[in-house]
Amino acid sequence: MAIARTGVFVDDYLEYSSTLPAELQRLLNTMRELDERSQAMINQTRDQTKYCLGLPSQSSKKGNPEEDDAAFEKMGKEIETNQENALSLCTEKVLLARQAYDLVR
């Protein structure tokens, strides 16, 4: 049912957006692309975080703890980088939304 409503919303959006000025269309399309990219990064970060939280603790590890620590450290840096990139994309999206608002106002 949610998919059906989403389809109607997308059809309405496409119909409505085709009548907007070119600059406003460009801003909205760019915002949509940024939203898709940031959402993909957020999902990846969520998956990486769940993976890290599921790793065994130091006391229960078997094998080479130095390699495990290095892998954990690398994953932590990737998570931080993804969060920073997602925040940057979201900030850019807010700036574009302000530009769109100024065009409409």
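Buried means under 20% relative accessible area, exposed means over 50%, and partly exposed lies in between. The model shown in these views is predicted.

**View 1. Helix 2 and helix 3 supply the largest nonpolar core.**
This core has 10 residues. They are L20, L24, L27, M31, L34, M41, A86, L89, L96 and A100. Two elements each give two or more residues to the core: helix 2, residues 22–54, and helix 3, residues 65–104. Helix 2 provides the largest share, with 5 residues.

**View 2. Helix 2 turns its buried residues to helix 3.**
Helix 2 is built from 33 residues. From first C-alpha to last, helix 2 reaches 48 Å, close to the 48 Å expected at 1.5 Å a residue. Its buried residues are L24, L27, M31, L34, S38, M41, T45, Q48 and C52. What do these buried residues of helix 2 pack against? They pack against helix 3.

**View 3. Helix 3 packs back against helix 2.**
Helix 3 has 40 residues. The distance from its first C-alpha to its last is 58 Å, close to the 58 Å expected at 1.5 Å a residue. Buried here are M75, I79, N82, A86, L89, L96 and A100. These buried residues of helix 3 pack against helix 2.

**View 4. L24 touches residues from further along the sequence.**
L24 belongs to the largest nonpolar core. It is also among the buried residues of helix 2. Which residues does L24 touch, not counting those up to four places away in sequence? They are A100, L103 and V104. Of these, A100 is listed among the buried residues of helix 3. A100 is a member of the largest nonpolar core as well.

**View 5. S38 is a buried serine in helix 2.**
S38 is found in helix 2. Is S38 buried or exposed? Its relative accessible area is 3%, so S38 counts as buried. A polar atom of the S38 side chain lies 3.1 Å from the backbone oxygen of D35. Now leave aside the neighbours within four places in sequence. S38 is then in contact with A86, L89 and C90. A86 and L89 are both core residues. C90 is partly exposed, because its relative accessibility is 26%.

**View 6. D35 and K93 join helix 2 to helix 3.**
The structure holds 3 salt bridges. One of them forms between the side chains of D35 and K93, at 2.9 Å from N to O. Why does this pair tie together parts that are 58 residues apart in sequence? Because D35 lies in helix 2 and K93 lies in helix 3. D35 has a relative accessible area of 35%, so it is partly exposed. K93 is partly exposed too, with a value of 22%. The cut-off for buried is under 20%, so K93 does not count as buried.

**View 7. R26 and E23 pair within helix 2.**
R26 forms a salt bridge with E23. The closest N and O atoms are 2.7 Å apart. How many residues apart are R26 and E23? The two are 3 residues apart, about one turn of the helix, and both lie in helix 2. R26 is partly exposed at 41% relative accessible area. E23 is partly exposed at 36%.

**View 8. R105 and D102 form a salt bridge.**
The side chains of R105 and D102 meet at 3.4 Å, N to O. R105 is exposed, with a relative accessible area of 69%. D102 is partly exposed, at 47%. The cut-off for exposed is over 50%, so R105 passes it, while D102 does not.

**View 9. L55 sits in the loop between helix 2 and helix 3.**
Where is L55? It lies in the loop between helix 2 and helix 3. L55 is partly exposed, with a relative accessible area of 30%. L55 and D68 are 13 residues apart in sequence. In space, their C-alpha atoms are 9.4 Å apart.

**View 10. C52 and C90 appear in a structure with 0 disulfides.**
How many disulfides does the structure hold? The count is 0. C52 has a relative accessibility of 13%, so it counts as buried. C52 is listed with the buried residues of helix 2. C90 counts as partly exposed, at 26% relative accessibility. S38 is in contact with C90.

Definitions and conventions
Residues numbered from 1 in each chain as written. Predicted model: local features only at pLDDT ≥ 70, side-chain atom pairs only at ≥ 80, totals over all residues. Heavy atoms only, no water. Core = buried A, V, L, I, M, F, W, Y, C linked by side-chain atoms within 4.5 Å. Buried < 20%, exposed > 50% of the residue type's maximum accessible area, 1.4 Å probe, protein only. Helix = DSSP H or I, 4+ residues; strand = E, 2+ residues; numbered from the N terminus. Contact = heavy atoms within 4.5 Å. Expected span 1.5 Å × (residues − 1). Polar contact = N/O pair within 3.5 Å; in protein donor to acceptor, adjacent residues only side chain to side chain. Salt bridge = Lys/Arg side-chain N within 4 Å of Asp/Glu carboxyl O. Disulfide = S-S within 2.5 Å.
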